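This report goes through one protein model, topic by topic. Please keep the sequence and the structure at hand while reading.

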Amino acid sequence: MLAIDHIVITAHDPKKAATEFGKRYDIEVVKGGEHENWGTYNYLAYFANNCYIEWIGLFDKHRASRSDNPLIKQVAIALENNEEKLIQYALRTANMDQFKQKFKQKGVSYHGPVSAVRTRPDGSTLSWRMLFPEPASSLPFLIEWERENKPADLSLINQKELSLLEAPSLYQADVEKTLQLAIKNNQYKAENVLIKYNTDKEFTFTIT
């Protein structure tokens with residue numbers, strides 16, 4: 001079973017966006033770090049059900065716009081259009097190579113796996129891989145961590161949960177077919193979060 005790893009929110013000023021969100025919902029937010037190769041940086045909010053929100057922005061617009069990473073392309077385009085909103089989500093797996101093999105067998109186009117690393121504020125590094133089924137703009141991407149992604153200070157994990165993600169219904173057929181998810185009554189019960197495919201055009205989420 002897949003889990004929601006994180007949701008991605010674009011922001012011209014991730015620190016400001018994350019801080020304002022934290023004050024509004026009584027949520028602890030932390031500085032994530034920089035992705036040097038992509039020209040992006042982020043702020044994060046971790047939740048008790050092992051997922052997080054990522055506010056991501058650009059520190060090098062030129063570098064980001066030239067990236068071949070589908071997610072960074074999405075981020076760059078969204079911010080170029082002044083869209084500060086939830087644009088994407090990641091599903092966590094421990095079996096990325098199996099998904100890659102299934103995509104090959106079924107003739108599904110994909111990009112990756114893309115290896116990545118980020119330096120934390122304390123100087124430690126995080127490593128992970130991402131796999132992007134196509135079309136990347138309407139499908140979640142898969143992520144596999146080298147080691148569990150949690151803050152060094154576990155007290156920074158909020159006791160609240162990101163309990164519900166509502167995704168545009170026009171994406172449901174592609175998600176169901178490509179990832180072979182058991183979507184019933186327009187819902188998929190991920191390992192830690194309920195995903196609903198509704199009629200709205202925008203992503204929304206609920207914290208409880």
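Which residue in β12 is the bridge partner of Y188? The bridge partner is I195. The model is a predicted one, and the sections below take up its sheet, its aromatic pairs and its largest cavity.

## The four-stranded sheet

Y188 and I195 belong to the pairing of β11 with β12. Strand β12 covers residues 194–198 and runs antiparallel to β11, the two being joined by 3 bridges. In general, strands of a sheet pair through backbone hydrogen bonds, in a parallel or an antiparallel manner.

Both strands belong to an open sheet of 4 strands, ordered β11-β12-β10-β13, in which the pairing is mixed. The edges are taken by β11 (187–189) and β13; each has a single partner strand, so one side of each has no neighbour in the sheet. From one strand to the next, the twist averages 15°.

## Aromatic pairs and a cluster

Over the whole structure, a search finds 10 aromatic pairs. One of them joins F21 and F205, with 6.0 Å from centre to centre and 40° between the planes. The pair counts as tilted because its angle falls neither under 30 degrees, as for stacked rings, nor over 60, as for edge-to-face rings.

F21 is in helix α1 (residues 14–25) and F205 is in strand β13 (residues 204–207), so this pair ties together parts that lie 184 residues apart in sequence. What is the relative accessible area of F21? The value for F21 is 9%, and this residue is buried. F205 has a relative accessible area of 23% and is partly exposed. The two residues also belong to one aromatic cluster, formed by F21, Y25, W55 and F205.

## A lysine over a ring

A contact of another kind involves F99. K102 lies over the face of this ring, at 5.7 Å from the ring centre.

## The largest cavity

How many cavities of 30 Å³ or more does the structure hold? The structure holds 1 cavity of that size. The space in the largest cavity is about 130 Å³.

Its lining consists of 17 residues, and those nearest the centre are H35, N42, Y52, E54 and W128. Several elements each supply at least two residues of this lining: the strands β3 (40–47), β4 (51–58), β7 (125–133) and β8 (141–145), together with helix α3 (70–80).

Terms used. Residues are numbered from 1 along each chain as its sequence is written. This is a predicted model: local features need pLDDT of at least 70, side-chain atom pairs count only at pLDDT 80 or more; totals for chains, interfaces and linings use all residues. Side-chain values use heavy atoms; hydrogens and water are left out. Rings of Phe, Tyr and Trp (its six-membered ring) pair if their centres lie within 6.5 Å; planes under 30 degrees apart count as stacked, over 60 as edge-to-face and the rest as tilted. Buried means under 20% relative accessible area, exposed over 50%, partly exposed in between (1.4 Å probe, protein chains only). A charge sits over a ring if NZ of Lys or CZ of Arg is within 6 Å of the ring centre and within 35 degrees of the ring normal. Two strands pair if DSSP finds at least two bridges between them. Axes are lines fitted to C-alpha atoms, for helices over the stretch in contact, and angles run from 0 to 180 degrees between N-to-C directions. On a 1 Å grid over the protein atoms alone, a cavity is a set of points where a 1.4 Å probe fits but cannot get out, and a pocket is an open set with protein on both sides within 12 Å along at least five of seven lines; lining residues have an atom within 4 Å of a point. Grid points are joined across faces, edges and corners, and a volume is the space filled by probe spheres set on the points.
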